[in-house]
Amino acid sequence: MKGIVSKVALGVAGTGMAVAVAAVAIGPRVSEWYDGRHQEQATYDTGSQAKAERRSMPTWLPDNASSVKYLMSTTGDDRLLRATLPDGRLPSGCTTGLPGKSAHSVPMSLKAGWFPEGVAAKASGSCGHYNVTLTGNQLYAWQDGAAVQAALRAERPTKH
């Protein structure tokens, strides 16, 4: 009887170790899959192509922008955008400076190798609900879903 109990205990311990090793080895990949499954990423040759193919693309993006890269959350309003602007100026309708407010943070849920870290500290204006910065002719724009929802609530008149 004592031998059977020892074998069962060894089997349970071995199974536990195998599960622990599998969790350590597979866990990060499962986490990346889970986080990434609510995101869509796309690349477009021009701004006009991007706007024609994706309804969520901001209308302020110039048609003649090139090398457009876009990452969005499918479960909210978080967005990252990079585009090359031929004239190196903010699109019309955008404003320089952030009067009376600070830049909202870049959504932590979105990461892309083409979108630089620390860009929020360089925010130089806004286009719609996006904060933007222009480095040479590279436009970087980001939209934080929570900030967008707060702004939309503030814009709506309160009902009594």
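So, Leu 81 sits opposite Ala 141, which belongs to β7. I'm starting with that pair as a way into strand β3. Keep in mind that this is a predicted model.

β3 covers residues 79–84, and β7 covers residues 138–143. The two run antiparallel and are joined by six bridges. Now go to the other neighbour. β2, residues 66–73, also runs antiparallel to β3, and here there are five bridges. If you want to find that pairing on the screen, look for Leu 71 across from Leu 80, and then Ser 66 across from Thr 84. The connection from β2 to β3 is a hairpin, through five residues.

Okay, how many residues of β3 are buried? Six of the six, so the strand is largely enclosed by the rest of the structure. As a reminder, side chains in a regular strand alternate between the two faces of the sheet. In β3, both faces are covered. One side has Arg 79, Leu 81 and Ala 83, the other has Leu 80, Arg 82 and Thr 84, and all of them are buried. Yes, that list includes Arg 79 and Arg 82.

Let's zoom out to the sheet. It's an open sheet of seven strands, paired antiparallel, and the order goes β1-β2-β3-β7-β6-β5-β4. At the edges you have β1, residues 39–46, and β4; each has a single partner strand, so one side of each is left without a neighbour in the sheet.

What about the chain as a whole? It has three helices along with the seven strands, and reading along the sequence you get α-β-α-β-β-β-β-β-β-α. There are 160 residues, and 31% of them count as buried. If you take contacts between residues at least 6 apart in sequence, 54% join residues at least 24 apart. For the surface, the chain exposes about 10,100 Å², with carbon and sulfur atoms supplying 58% of that.

One last residue: His 104. Where is it? His 104 is in the loop between β4 (95–96) and β5 (125–127). Buried or exposed? His 104 has a relative accessible area of 16%, and the cut-off for buried is under 20%, so His 104 counts as buried. Leaving out neighbours within four places in sequence, His 104 is in contact with Ala 120, His 129, Tyr 130 and Asn 131, and also with Trp 142, Gln 143, Asp 144 and Ala 147. Trp 142 and Gln 143 bring us back to β7, residues 138–143, the strand that holds Ala 141, opposite Leu 81.

Notes:
Residues numbered from 1 in each chain as written. Predicted model: local features only at pLDDT ≥ 70, side-chain atom pairs only at ≥ 80, totals over all residues. Heavy atoms only, no water. Helix = DSSP H or I, 4+ residues; strand = E, 2+ residues; numbered from the N terminus. Buried < 20%, exposed > 50% of the residue type's maximum accessible area, 1.4 Å probe, protein only. Contact = heavy atoms within 4.5 Å. Areas by Shrake-Rupley, 256 points an atom, 1.4 Å probe, with all protein chains shown as cover. Pairing = 2+ DSSP bridges.
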